[in-house]
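Student: Please take me through one part of this model at close range. Then set that part in the whole chain.

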Amino acid sequence: MKPLTNKHILLGVSGSISAYKAPDIIRRLQDLGAKVQVILTQGGAKFITEHALQSISQNQVHSNLWDKKAELAMGHIQLAKWADLILIAPTSANTLANIASGKACDLLSSVILASAAPLIIAPAMNQQMFKSNAVSGNLKTIASRNITIISPDDGAQACGDIGPGRLADANNIAAIVAQQFHTTELTGKNILITLGASVEAIDPVRYISNHSSGKMGMALVNNCIELGASVTCIYANIQTELNQRASNIQALSAKKMHKAVMENISKQDIFISCAAVADFSPKNIAKDKIKKNADDLKLILKPNPDILQDVCKLPKKPLTIGFAAETKNPLENAKLKLKNKGCDAIILNDVSGADFGLNVDENEVVFLSQNYQQKIAKTSKQKIAKKILEIFIRKFL
Ligand code: CTP
């Protein structure tokens, strides 16, 4: 299990010789699933290069509060909002003093003030500095603000002294960061979700599609991410915003969606098929715009592949949830789909009324599995998604 899946950790690296251990800390956080961005203070840059931190974190390193380009987009505020947690390792005596006195004198101290994210500091300095009244006083002030302090280790120091002040072990630091987040049955699970209305071209300007907005699927994406899953979102035409924490792949037609799903399915633990996929598409797509000179226009349609059914036929199939959009005999038809498609659960969506189902913000559904049935009363799609996942976790995980 990777307890930091989807989590954004902002690592502050300040001026201590142990800054050379920062790449190891980044690696340990990444091993646990985190995405890491780094703020390097002026002092930190004396001990570790921006290049090293950039290569390991795979992100641009931030160091300048007065960077004109970044600040045009309010760079320090964006960073402050991006972070789910701020870790400062190593925390030098100077950075410690900045935090204790609430200064905003550089990028790191400004981001700390501008962020609502929890803060963890791992001090590292010479043992005599660590024992000094000033540092002890600053640590006391910081502890009273609900900031987690990872005590330094005791031992031989780079300067030749022996005592407390060595940066805590990278594995311990990463484990303490992970403890700040709650884990769920979905933490670290790989989940693929399809959503939106498929688009089948007739000619260069016209297409066949449907009223699905993708909102139900996106509510599932958001909830799975909230519960710690690593989500691949394969979307067709949608009227809703993408979640940037998912790996997003656009696939407009049924054929393209089928290909994208099959290319990504082998590593998935769960597949949620929420897309409204066209069952048929034009046999031939006209190269040029079709002209209205004929009395009748005949479109020949050919069947599309059934993505959900094909996933369920795989020898190593993931757990699967399908959706059944029905206007007539809803329960009977949904039960039939559950059986015929071979999925583990199906969510019945009665789309006969205009109030819920397609292209609206609320829904009312029935969760169905082989020997279980539960109605989820009309509410927002976000709440429906949460409930679907709760039932699914209880029944299958
Ligand atoms: N589905 C799919 N590929 C298709 C058609 C549907 O993966 N070519 C999936 C949908 O994402 C949904 C489930 O199958 O999870 C049921 O879709 P629905 O449109 O309700 O039913 P169909 O299988 O298309 O059958 P019918 O149109 O006859 O109701």
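Tutor: We start with helix 5 and work outwards.

This is a predicted model, in which local features need pLDDT of at least 70 and side-chain atom pairs count only at pLDDT 80 or more, while totals for chains, interfaces and linings use all residues. Residues are numbered from 1 along each chain as its sequence is written, and side-chain values use heavy atoms, without hydrogens or water.

Helix 5 runs over residues 93-100. Helices here are DSSP runs of H or I with at least four residues, strands are E runs of at least two, and numbering starts at the N terminus. Helix 5 is mostly covered, with 6 of its 8 residues buried. Buried means under 20% relative accessible area, exposed means over 50%, and partly exposed lies in between, with a 1.4 Å probe and protein chains only. The buried residues are Ala93, Thr95, Leu96, Asn98, Ile99 and Ala100. In an α-helix there are 3.6 residues a turn, so residues three or four places apart point the same way.

What covers them? The cover includes two strands, strand 3 (85-91) and strand 4 (119-123). It also includes helix 6 (107-114), helix 7 (127-131) and helix 8 (133-143). Glycine 102 follows helix 5, and its phi is positive, near 65°.

Two of these covering elements lead to backbone details. Strand 3 contains proline 90. The peptide bond from alanine 89 to proline 90 is cis, with omega near 0°. Helix 8 comes before a loop that ends at strand 5 (148-149), and asparagine 146 sits in that loop. Asparagine 146 is not a glycine, but its phi is positive, near 70°. Asparagine 146 counts as exposed because its relative accessibility is 73%.

Compare asparagine 6, in the segment before strand 1 (8-13). Asparagine 6 also has a positive phi, about 75°. Asparagine 6 counts as buried, because its relative accessibility is 8%.

Next, histidine 62. Histidine 62 lies in the loop between helix 2 (50-57) and helix 3 (68-72). Its relative accessibility is 17%, so histidine 62 counts as buried. Leaving out residues up to four places away in sequence, histidine 62 touches Gln37, Val38, Ile39, Leu40, Leu79 and Leu107. A contact means heavy atoms within 4.5 Å. With glutamine 37, histidine 62 makes a side-chain to side-chain polar contact at 2.7 Å. A polar contact is a pair of N or O atoms within 3.5 Å; within protein, one must be able to donate a hydrogen and the other to accept it, and residues adjacent in sequence count only if both atoms are side-chain atoms.

Now the ligand. A polar side-chain atom of lysine 337 is 2.8 Å from a ligand oxygen. Another pair joins a ligand oxygen to a polar backbone atom of leucine 308, at 2.9 Å. A ligand nitrogen lies 3.1 Å from a polar backbone atom of isoleucine 307. On its own the ligand has 560 Å² of accessible area (Shrake-Rupley method, 1.4 Å probe; for residues, only the protein chains shown count as cover). The protein covers 77% of that area.

Last, the whole. The protein has 14 helices and 19 strands. Of its 397 residues, 48% are buried. Among contacts between residues at least 6 apart in sequence, 66% join residues at least 24 apart. The C-alpha atoms fill a box of roughly 90 × 50 × 40 Å along the principal axes.
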